[in-house]
Amino acid sequence: MKRILQILILSIIDFLVIWIWFYDIDPDPSISIAVVIMYPLLFFINLLAGGILWITKKKNLSRLFIINSVVSVAIASFLWPNAIRRHQNQIWISYSFHHNAKNYNISIHKPDHTFMMTESVNPGSSTSFLEGVCNYENGKIILKTDSTRYSIEHNVLIGFTKNKIQLKKE
């Protein structure tokens, strides 16, 4: 029972440290290759700590860190995609809808207040056909180009067709 409690406490500490680390680096999808370095690094840091404790004759703690070498990688594997999703949610808003046998996607880039609309007939391929600026007015998102003006309110697109279109927030 004592061993399980120790593993649980160390796992909680791992979770907090790894979450703070990922929060601090705020990863975007372009650096996902970093897991090739991060996961082995976490594994070997724990093995190194376990080895040092083994040499210093603290074999119980050594075993704990050896077990934790696998647990820490599992925790990081869980937290990494969530950190990327968090980053994406901070800078992007994305909606999709289906109209006239086409799938549409609206991507709004929050930092520079721009948007892009794409259409897709076949899965895996899309064409960008509309880009512009977006503003926020009275709880609405206003999408403007030189010749068009659409609004999004409560996940409903207004102005794209004569009818309002229900959007799916991605």
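Helices (H or I, at least four residues) and strands (E, at least two) are DSSP runs, numbered from the N terminus. With that convention, A101 is found in the loop between β1 (92-99) and β2 (102-109), and other residues below are placed in the same manner. The model is a predicted one, in which local features need pLDDT of at least 70 and side-chain atom pairs count only at pLDDT 80 or more, while totals for chains, interfaces and linings use all residues. Residues are numbered from 1 along each chain as its sequence is written, and side-chain values use heavy atoms, with hydrogens and water left out.

## The helical part

Helix α1 covers residues 2-25. The expected span of a helix is 1.5 Å times one less than its number of residues, so the 24 residues of α1 should span 34 Å, and the distance of 35 Å between its end C-alpha atoms agrees with this. Just after α1, D26 takes a positive phi of about 40 degrees.

One part of α1 is covered: its buried residues (buried means under 20% relative accessible area, exposed over 50%, and partly exposed in between, with a 1.4 Å probe and protein chains only) are L10, S11, D14, I18 and F22. The cover over these residues includes α2 (35-55) and α3, where a contact means heavy atoms within 4.5 Å.

Other residues of α1 belong to a nonpolar patch on the surface, which is formed by L5, L8, I9, I12, I13, F15, L16, V17, W19, I20, Y23 and F78 and has about 1,200 Å² of accessible area together. Patches are made of residues with over 30% relative accessible area and no salt bridge, with like charges joined within 9 Å and nonpolar side chains (Val, Leu, Ile, Met, Phe, Trp, Tyr) within 5 Å. A salt bridge is a side-chain nitrogen of Lys or Arg within 4 Å of a carboxyl oxygen of Asp or Glu, and accessible areas come from the Shrake-Rupley method with a 1.4 Å probe, where for residues only the protein chains shown count as cover. Helix α1 gives the most to this patch, with 11 residues. Among them are I9, which lies in α1 and is partly exposed because its relative accessible area is 45%, and L16, also placed in α1, which counts as partly exposed at 47% relative accessibility. L16 and I165 are 149 residues apart in sequence and 42 Å apart in space, C-alpha to C-alpha.

Helix α3 (residues 59-91) holds H87, which counts as buried because its relative accessibility is 10%. Leaving aside residues up to four places away in sequence, H87 touches D26, P27, D28 and P29; D26 is the residue with the positive phi just after α1.

## The sheet

Nine strands form an open sheet in the order β8-β7-β6-β5-β4-β3-β2-β1-β9, with antiparallel pairing. Its edge strands are β8 (165-166) and β9 (168-169), each of which pairs on one side only; two strands pair if DSSP finds at least two bridges between them.

Within this sheet, two hairpins share strand β5, and they are set side by side here.

| Strands | Bridges | Residues between the strands |
|---|---|---|
| β4 (residues 127-137) and β5 (residues 140-144) | five bridges, antiparallel | two residues |
| β5 and β6 (residues 149-153) | four bridges, antiparallel | four residues |

In the hairpin of β4 and β5, E137 stands opposite K140 in β5, and N138 in the turn has a positive phi of about 50 degrees. Between β5 and β6, I142 stands opposite S151, and L143 stands opposite Y150.

T145 is placed in the loop between β5 and β6. Its C-alpha atom is separated by 6.6 Å from that of V133, 12 residues apart along the chain. Not counting residues up to four places away in sequence, T145 touches F115, L130, E131 and G132.

## Loops with a positive phi

A101, although it is not a glycine, has a positive phi of about 60 degrees, and this residue counts as exposed because its relative accessibility is 59%. H154, found in the loop between β6 and β7 (156-158), is likewise not a glycine and has a positive phi of about 55 degrees. With a relative accessible area of 70%, H154 is exposed.
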